[in-house]
Amino acid sequence: MYKMNYLEKLEALCRDIDARQPSLRIAKQYHDGTQALSFLSPIARKQLGDRLTHISIGYPRLATDSVAERMTLTGFVRNGEPLSAVWSAFARSGSATLADDAIHTALKLGRAHIVVWAHDSGLPLATVERDMATERDPITHRVVWAAKKWRRPDDSTRAVLYGPDAVRVYSGPSVTSGGVVPNSGWSLLETVANPLGVCPVVELVNAHDPWDTAGQPESAPIWSLTDLLCKTFSDIAVSSESSAMPRRWASGLQLQFDAEGNLVAPFDNSPGAVWLSESGDTKFGGFPEPKLEAYSALTESILRQIGALSGLPDHLIGVHSADPSSAEMQRSAEQSLSARATKKTARFGASFGQVASLMEAIMANRPVRDDISATWKSTEVRGFAAQADGVTKLYQSGLLPWESAMAELGYSPDQITSMRQARIREQLDRSPIPALPAVTEEPDDAEG
C-alpha cells in the first residue's frame with residue numbers, strides 16, 4: 001500500500017512556488033508601471049544617460065481595474081434561497097473587501113488563493129493568499145493539496161502543507177533579509193487534524209479556457225503594445241528635446257585640438273550663447289527641426305490596438321472622437337468590457353461557492369456541500385435612474401418578478417429578503433381592520 005510522503009509533497013509544491021516567481025514579478029511590474037524600457041536602443045540609452053530611465057503608462061493597470069470594478073459579489077444562495085449567515089460570516093472574515101481583494105489579485109497575477117479555516121472562537125475565517133502552489137484532482141479539478149512558505153521577522157522560516165486529512169506546519173533553515181526561502185530542510189512542528197475532509201484552499205484562476213490551471217494576468221495581451229507605446233513616448237520626449245535645442249552647424253573654421261589631441265569645440269553650446277567668427281569664409285546654419293505630427297497617428301493606432309485586445313472603449317483609453325458621446329453611446333462602447341466581466345463572474349462564482357461551502361461546514365459542523373452559488377451585481381455600468389426606469393417597465397408589464405427586479409437593481413439576497421418583509425408589513429398596515437361586533441349583555445333570568 002502506498003504511503004504518502006508529506007515532506008516530498010511539500011518540497012515539490014515549494015519548487016512550484018519558486019518557479020512561478022519570475023512571472024509574478026513581471027506581472028507586478030507591468031501593473032505597477034515599473035517595467036524597463038524594452039525598445040530603447042543602446043545608442044539612445046547612452047546619449048540620454050540618466051535623463052530618461054523610465055516611462056510609466058498605466059494601461060495594464062487600467063485594463064485590470066476596469067474589469068475588477070465591474071465584478072461585485074453580493075451574496076450566496078442555495079436553490080434560490082439566500083444564505084444570510086454564510087454571507088455575514090464571509091463579510092466579516094479578515095476584511096470587508098475580501099472578495100474584491102481576491103478578484104483583483106487573480107486578475108492582476110493570474111490566480112489567487114483563499115484559505116478557509118476556523119478562528120479560535122470557532123467562527124470561520126477566510127484569508128486571501130498570493131504566493132501559494134496547489135495540486136488539483138485530475139477528475140474534479142478541485143484543490144487537493146496546497147502549500148505556502150514565508151520568512152518571519154526573526155529570520156526563521158515556516159511552511160504549511162494543506163491537505164484533506166490535516167494541516168501540517170513546518171520550520172526551516174534561517175534566512176537573512178533578502179534571502180530566498182529554501183525548498184528543503186523542513187522539520188515538522190505541528191499537525192492539526194482537518195475535520196472538513198477536503199483541502200481548505202480554494203483557487204481563483206483567471207483562465208481563458210477550461211484547461212488553463214495556471215491562469216494569465218488580465219493585462220498580459222497588451223504588455224508588448226504597452227512597451228511599444230512607452231518607446232513611442234520616449235521618442236517623443238527625445239524629439240521634443242531636439243526641437244527645444246536645435247542642432248546648428250558652422251563651416252570655414254580652422255579646427256583646434258588640445259594637448260591630448262582632442263577636438264576643442266569652437267563655440268559655447270549653452271542656451272543663449274552667441275557664435276562669432278572673424279573669418280569672412282565662415283558660414284552658419286541649422287538642421288531642420290524634427291516634426292512631432294507623425295507621432296500622433298502612431299500613438300492613436302497603438303491605443304486602438306490596446307483597446308481591441310483589452311476591451312477598453314475609446315473614452316477610457318484617451319482616444320477622442322469628433323462626435324460628442326452620450327450616455328447610451330458610452331454604454332454601448334463598454335459592452336465588450338461588460339461581457340468580459342460577466343464571463344469571469346461565472347468562473348469565479350464557482351470558486352466563491354466553494355469558499356461559502358467550507359465556511360458553512362465550519363459553522364454547522366457538518367460535511368462540505370457543493371450546492372451553493374454566488375450572486376453578482378450587474379456588470380453593466382448605467383445611471384441608476386435609467387436602470388430603475390427600465391426595470392420598472394419590465395416589472396409593470398409582468399415580464400419580470402419583483403424579486404428578480406430587485407436583483408437587477410443590484411440589491412443583495414439579504415436586502416431583498418428584508419425589503420420583502422417590509423412590503424408585507426406595509427400591506428398589513430394599510431389593510432383595514434374590520435370592526436369587532438358589539439357585545440351585548442343578556443339580562444339575567446328573573447328569579448322564580
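The questions and answers below concern a predicted model of a protein.

User: How many helices and strands does the secondary structure of the protein come to?
Analyst: The protein has 448 residues. Its secondary structure, taken over the predicted model, comes to 13 helices and 15 strands.

User: Of the contacts in the protein with a separation of 6 or more, what percentage is accounted for by residues 24 or more positions apart?
Analyst: The count takes in contacts between residues with a separation of 6 or more. Within that set, the share that belongs to residues 24 or more positions apart is 65%.

User: What part of the exposed area of the protein do carbon and sulfur atoms supply?
Analyst: Of the residues of the protein, 36% count as buried. The area that the protein exposes is about 26600 Å², and the part of this area supplied by carbon and sulfur atoms is 54%.

User: Is His141 buried, partly exposed or exposed?
Analyst: His141 sits in the loop that lies between strand E5 (133-136) and strand E6 (143-151), and its phi is positive, near 65 degrees, although the residue is not a glycine. Most residues other than glycine have a negative phi. Because the relative accessible area of His141 is 46%, and partly exposed covers values between 20% and 50%, this residue is partly exposed.

User: Where is Asp155 found?
Analyst: Asp155, which is not a glycine, has a positive phi near 75 degrees. With a relative accessibility of 25%, Asp155 counts as partly exposed. Its place in the chain is the loop between E6 and strand E7 (157-162).

Key:
Residues numbered from 1 in each chain as written. Predicted model: local features only at pLDDT ≥ 70, side-chain atom pairs only at ≥ 80, totals over all residues. Heavy atoms only, no water. Helix = DSSP H or I, 4+ residues; strand = E, 2+ residues; numbered from the N terminus. Buried < 20%, exposed > 50% of the residue type's maximum accessible area, 1.4 Å probe, protein only. Contact = heavy atoms within 4.5 Å. Areas by Shrake-Rupley, 256 points an atom, 1.4 Å probe, with all protein chains shown as cover.
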